[in-house]
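User: I would like a close look at a single part of this protein, explained for someone in the first year of study. Please take one annotated position and describe its surroundings.

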Amino acid sequence: MAATSAAVLSGLGSAFLTGGKNSQTLLSAPISARVGGSGSPRRFMVAAAAPKKSWLPGVKAGGNLVDPEWLDGSLPGDFGFDPLGLGKDPAFLRWYREAELIHGRWAMAAVVGIFVGQAWSGIPWFEAGADPSAIAPFSFGSLLGTQLLLMGWVESKRWVDFFNPESQSVEWATPWSRTAENFANATGEQGYPGGKFFDPLSLAGTIKDGVYIPDTEKLERLKLAEIKHARLAMLAMLIFYFEAGQGKTPLGALGL
């Protein structure tokens, strides 16, 4: 398991994905060197571990099945559910949380898109791409190729940023913006960049004198709300897939 963790943490070391020799040097450097190399002190927020909650509160026994020792309640939405022991290794636990968060955000966007799309066009979501009356005048191959190209580029940058935080908030990585600070991590927490670009409504912070200042209390509350909604959305998408296999749609199942 330790060897596997080391392989995962090594990431993709190619120059294309790590942004050249400078980023590769950072990836191989110790954490202390990464923090001090920018010339400005880094601010780290250490959140106190919340009281552990259980997904089976009525059961006091059960060992790691009910109360895994590797889950301490510090993650938002952590109710001690890990029957397969996927999070035993801290490296994998961090990666799985990142994956859960990203998949959940896509699922939330997909659920809204499925309802709105069918309500607007009357076309089932699983037939929209092949329907000749679809709004987008593109072939399936064109859509697939464009998505693979754009999503591949964005996801490769996210992958690199996971192993080397803030390495992508540079000018060459954001050619459409002359201000790389817009894409920097304003909260100091992985997966929650905040800032004026990613939090334009200042839901998790405030802007003072043009500087985004995160609000820890608001951020923690929103993180919990987001992961709960994300999990519901992923479950909803699973149900939508089963319905689609029977030729049914969510609106049809609701009688609409």
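Analyst: Apart from neighbours within four places in sequence, Arg-105 is in contact with Gly-191, Tyr-192 and Glu-226. These contacts are read from a predicted model. Arg-105 is listed by UniProt, in an unreviewed entry, under "binding site".

Is Arg-105 buried, partly exposed or exposed? Its relative accessible area is 27%. Buried would require a value under 20%, and exposed a value over 50%. Arg-105 is therefore partly exposed.

The residue belongs to helix H5, which covers residues 90-121 and holds 32 residues. From the first C-alpha of H5 to the last, the distance is 46 Å, close to the 46 Å expected at 1.5 Å a residue.

At the N-terminal end of H5, Asp-89 acts as a cap: one of its side-chain oxygens lies 2.8 Å from the backbone nitrogen of Ala-91. After the other end of the helix comes Gly-122, which has a positive phi, near 80°.

Several residues of H5 are buried, among them Leu-101, Ile-102, Gly-104 and Ala-107. Further along the helix, Val-111, Ile-114 and Gln-118 are also buried. A general point helps in reading such a list: an α-helix has 3.6 residues a turn, so residues three or four places apart point the same way. Towards the start of H5, the buried residues include Ala-91, Phe-92, Arg-97 and Glu-98.

A second position, Asp-199, may be described in the same manner. Asp-199 lies in the loop between helix H7, residues 195-198, and strand E1, residues 205-208. Asp-199 is buried yet forms no salt bridge. The nearest side chain of opposite charge belongs to Lys-218, 8.4 Å away, whereas a salt bridge requires a separation within 4 Å. The side chain of Asp-199 does, however, reach the backbone nitrogen of Leu-203, at 2.9 Å. With neighbours within four places in sequence left aside, Asp-199 is in contact with Gly-194, Ala-204, Gly-205 and Tyr-212.

Finally, the whole chain gives the setting for these details. The protein chain contains nine helices and two strands. Read from the N terminus, its elements follow the order α-α-α-α-α-α-α-β-β-α-α. Of the 256 residues in the chain, 29% are buried. Among contacts with a separation of 6 or more, 52% join residues 24 or more positions apart.

Methods
Residues numbered from 1 in each chain as written. Predicted model: local features only at pLDDT ≥ 70, side-chain atom pairs only at ≥ 80, totals over all residues. Heavy atoms only, no water. Helix = DSSP H or I, 4+ residues; strand = E, 2+ residues; numbered from the N terminus. Expected span 1.5 Å × (residues − 1). Buried < 20%, exposed > 50% of the residue type's maximum accessible area, 1.4 Å probe, protein only. Polar contact = N/O pair within 3.5 Å; in protein donor to acceptor, adjacent residues only side chain to side chain. Lys, Arg positive; Asp, Glu negative; His and termini not counted. Contact = heavy atoms within 4.5 Å. UniProt positions renumbered as here; feature names shortened; annotations may be inferred.
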